Amino acid sequence: MRVKARHGDRAARRRRRGGAGPAEVTISYLTKGLGWAPSYRVALGEGGRLTVDQNAVVKNELADFDGAEVSLISGYPNVRFSHADDLIALRVQLGIVFLAGEPGAGRRRGGAAIMSQTIVSNSIAPSSDADDLLPAGEAGAGADIYYHPAGKLALREGDALALRTAAGEADFTRIVQWVILDDRDEYGRPNRGADPDEGEGDPWDAVAFRNPFDFPLTTAPASIFEGGRFLGQSQGHWVNPGGQSTLPLTRALSVRGIYSESEEQGGREVVFVGGERCRESVVKGEIELANRRGEPVEAVIRRHFSGALIEADGDPGERLLSVGATSRNPRNELVWKVAVPAGETLKLTFRYKVFVRI
C-alpha cells in the first residue's frame, strides 16, 4: 500500500532576471514517509445480509501539507529503487548511489523507510475457488493497482488521520471450512517433524460473501461482529469486484474433523525420476467430519496433497497449486462442498500416487 500526493506549491515563486512576470513551479517526486493502513469491519445482519465498512489510517512522516489531493493505493507495485537516494539530495555520495543499485544495498545502509515498513502485503487468498475467478474483462483493465481517492487532506508531520473510505452490503453464507494441509516434503516423504500452529488443520466456522464494491478488497485485518458483539478477527485478502471472500470466525468445537492416511501395501516399484531413485507409493486418505450440532452444516473441505490423484469419493473439485507445480510430485488441492446433517458423520476416502525419494 502506498499514498500518492501531488500538489503545486504556489508559494514557491520567483521572478526571472530582467523583470519577467511570476512563474508557478510544480514538483512531482517519489518519496518515503507517507503511508496508509486499511482495515474492514464486517457486521452480520438479518436475512443473510452483511455490511462491509472499509476504513483507513493515513500516517504522515514526510512533511506538513495542506489541501493535497491524496489517493490510497492498493496493490503490490514494484519499487525497485525505493532504498536509493536521488542525486539531487544534499550530501549524497556518488559511491553510495551507485552501490544502491545492487540488491540488498539499501538494507546494508540501514535506512528506515516507510516503503519497507509494510504491515501486510497484498495477496490472494491461500485457498480460493477456481469457479470464483472472474471472466476476462470483468475485473477491469490494466494492472492490479487501485487508486482510491481520499480527497484533499491536511496533515502535520507526525500526525495520523482515520477515515471511512467505503461501505457496502452483500449476501453471506455461514459455512464450516476445514483446510487439511499437505504434510509431505519436496521429496514426497512425510514431514513427521512438522509442528503446526495452534488450531491449524481444524474445522473453523466462517462466513463467505462476494465483494460488494466496484473496486478490489485489499489485504487487511477484518473484524466480524453480529448484533454489536465481536465474533472474531481475520485477515482478508485481495478480492476482485464480485469475487468471493471467506473469513474464519472461530474454531468449530462441535464439528470435529479427523484425517488419517496410510500407504497401501503392494509392489512399491522403484523408478528413476529426474535421475533420482524413488519408490512409487499409493496412499489412501480417509476424512471424517462429525456434526454434533442440532442443525445441519454446510462444509467446505480442502485437502492439499503431493502427487497424482487416482480416485476420490464425493466428486470433489481438483486444482493444481502453484507451489511445487513443476516438482516430481505436483501439489494439488481437492475441494468438497458438502452438507452434513445434524448428529451425523460424513466419511470420504481418496487415493493418490506419490514418488518418494529413497
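At 27% relative accessibility, D202 is partly exposed, and it makes a handy way into this predicted model. D202 pairs up with R251 in a salt bridge, where the closest N and O atoms sit 3.6 Å apart. That's one of 19 salt bridges in the structure. Below you'll find the charged pairs, then a buried arginine, then the nonpolar parts.

**Salt bridges**

- Here's the general idea: side chains of opposite charge can pair when their charged atoms come close.
- R251 is in strand β12 (residues 244-251), while D202 is in the loop between β8 and β9 (204-210), so this pair links parts of the chain that are 49 residues apart.
- Like its partner, R251 counts as partly exposed, at 28% relative accessibility.
- E264 and R351 also meet in a salt bridge, at 2.9 Å from N to O.
- E264 lies in the loop between β13 (255-263) and β14 (270-273) and R351 lies in strand β20, so this bridge ties together parts 87 residues apart in sequence.
- E264 is partly exposed at 28% relative accessible area, and R351 is partly exposed at 22%.
- E276 and R357 form a salt bridge too, with their closest N and O atoms 3.3 Å apart.
- That pair links strand β15, home of E276, to strand β20, home of R357, across 81 residues.
- R49, E169 and D171 go beyond a simple pair: they are linked in a network of salt bridges.

**A buried arginine**

- Buried or exposed: which one is R303? With a relative accessible area of 0%, R303 is buried.
- R303 belongs to strand β16, and its side chain reaches the backbone oxygen of L181 at 2.7 Å.
- The R303 side chain also makes a polar contact with the side chain of Y259, at 3.3 Å.
- Leaving aside neighbours within four places in sequence, the contacts of R303 include D182, D183, E261, W336 and F350.

**Nonpolar parts**

- The largest nonpolar core has 22 residues, and I287, L289, I301, W336, V338, L346 and F350 touch the most other members.
- Which element gives the most to this core? It's β20, with six residues.
- V338 touches V297, E298, A299, I301 and L346, not counting residues up to four places away in sequence.
- Apart from this core lies another one, of 19 residues, with F172, F213, L217 and A220 among them.
- Out on the surface, V25, I27 and Y29 make a nonpolar patch of about 320 Å².
- V25 is in strand β3 (residues 22-26) and is partly exposed, with a relative accessible area of 44%.

Technical notes
Residues numbered from 1 in each chain as written. Predicted model: local features only at pLDDT ≥ 70, side-chain atom pairs only at ≥ 80, totals over all residues. Heavy atoms only, no water. Core = buried A, V, L, I, M, F, W, Y, C linked by side-chain atoms within 4.5 Å. Buried < 20%, exposed > 50% of the residue type's maximum accessible area, 1.4 Å probe, protein only. Helix = DSSP H or I, 4+ residues; strand = E, 2+ residues; numbered from the N terminus. Contact = heavy atoms within 4.5 Å. Patch = residues over 30% accessible without salt bridge, like charges linked within 9 Å, V, L, I, M, F, W, Y side chains within 5 Å. Areas by Shrake-Rupley, 256 points an atom, 1.4 Å probe, with all protein chains shown as cover. Salt bridge = Lys/Arg side-chain N within 4 Å of Asp/Glu carboxyl O. Polar contact = N/O pair within 3.5 Å; in protein donor to acceptor, adjacent residues only side chain to side chain.
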